[in-house]
Amino acid sequence: MSERRVAVHGLAEIALRVNDLGAMSAFYQRVLGLEPLGEFPHAVLLRVADGFEGHTQVLGLFDRRLPVSAERGTVDHLAFAVAGRDMAAWRRRLEQLGLEVEA
């Protein structure tokens with residue numbers, strides 16, 4: 001029996017390191033109309049859209065001056081939205097491709 005194909009349903013989040021957090025936050029709010037989900041000393045999370053299966057699409061902006069390391073992550077990233085029922089199939093597929101999967 002063949003395994004059912006799993007699909008990406010959209011972007012869940014994108015995180016960017018920016019030089020001027022205040023200016024970039026203001027730009028995305030004023031020009032694109034994104035609403036803040038959370039504002040912190042070194043980061044701002046903005047709502048892009050409703051997303052998929054209850055996961056809001058998020059643009060995260062992080063102050064580039066914040067130090068990053070392997071322990072803290074690189075901050076720059078993107079995440080894809082997939083169906084919760086497909087998580088085990090995604091894990092198997094990625095591991096079969098030789099990728100390490102961390103939860």
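The accessible surface of the chain in this predicted model adds up to about 7,300 Å², and 56% of that belongs to carbon and sulfur atoms. As for burial, 25% of the 103 residues count as buried. Charges are spread over 12 positive and 14 negative sites, and the mean positions of the two sets sit 3 Å apart.

On overall dimensions, the C-alpha trace spans about 55 × 30 × 15 Å along its principal axes. The radius of gyration comes out at 16 Å, whereas a compact globule of 103 residues would be near 13 Å.

Turning to secondary structure, the chain holds 2 helices and 5 strands, and reading along the sequence gives the pattern β-α-β-β-β-β-α. Among contacts with a separation of 6 or more, 57% are between residues 24 or more positions apart.

The largest nonpolar core is a set of 8 residues, namely V18, L21, Y28, L34, V44, L46, L59 and L61. Three elements supply two or more residues each to this core: helix 1 (21–32), strand 3 (43–52) and strand 4 (55–63).

V44, one of the core residues, is a handy place to look at the packing in detail. Setting aside residues up to four places away in sequence, V44 touches L21, S25, G38, E39, L59, G60 and L61. Of these partners, L21, L59 and L61 are also listed in the core, while S25 and G38 deserve a word of their own.

S25 belongs to helix 1. With a relative accessible area of 6%, S25 falls under the 20% cut-off and so counts as buried. Leaving out neighbours within four places in sequence, the contacts of S25 are V44 and L61, and both of those partners appear in the nonpolar core.

G38 sits in strand 2, which covers residues 35–40. G38 has a relative accessibility of 12%, and because the limit for burial is under 20%, G38 is classed as buried too. Beyond residues up to four places away, G38 touches A43, V44 and L45. G60 is another partner of V44; from G38 to G60 the C-alpha distance is 9.4 Å, with their positions 22 residues apart in sequence.

Put together, the contacts of V44 take in S25 and G38, with S25 coming from helix 1 and G38 from strand 2.

Conventions. Residues numbered from 1 in each chain as written. Predicted model: local features only at pLDDT ≥ 70, side-chain atom pairs only at ≥ 80, totals over all residues. Heavy atoms only, no water. Helix = DSSP H or I, 4+ residues; strand = E, 2+ residues; numbered from the N terminus. Rg over C-alpha atoms; globule rule 2.2 N^0.38 Å. Buried < 20%, exposed > 50% of the residue type's maximum accessible area, 1.4 Å probe, protein only. Contact = heavy atoms within 4.5 Å. Areas by Shrake-Rupley, 256 points an atom, 1.4 Å probe, with all protein chains shown as cover. Lys, Arg positive; Asp, Glu negative; His and termini not counted. Charge placed at Lys NZ, Arg CZ, Asp CG, Glu CD. Core = buried A, V, L, I, M, F, W, Y, C linked by side-chain atoms within 4.5 Å.
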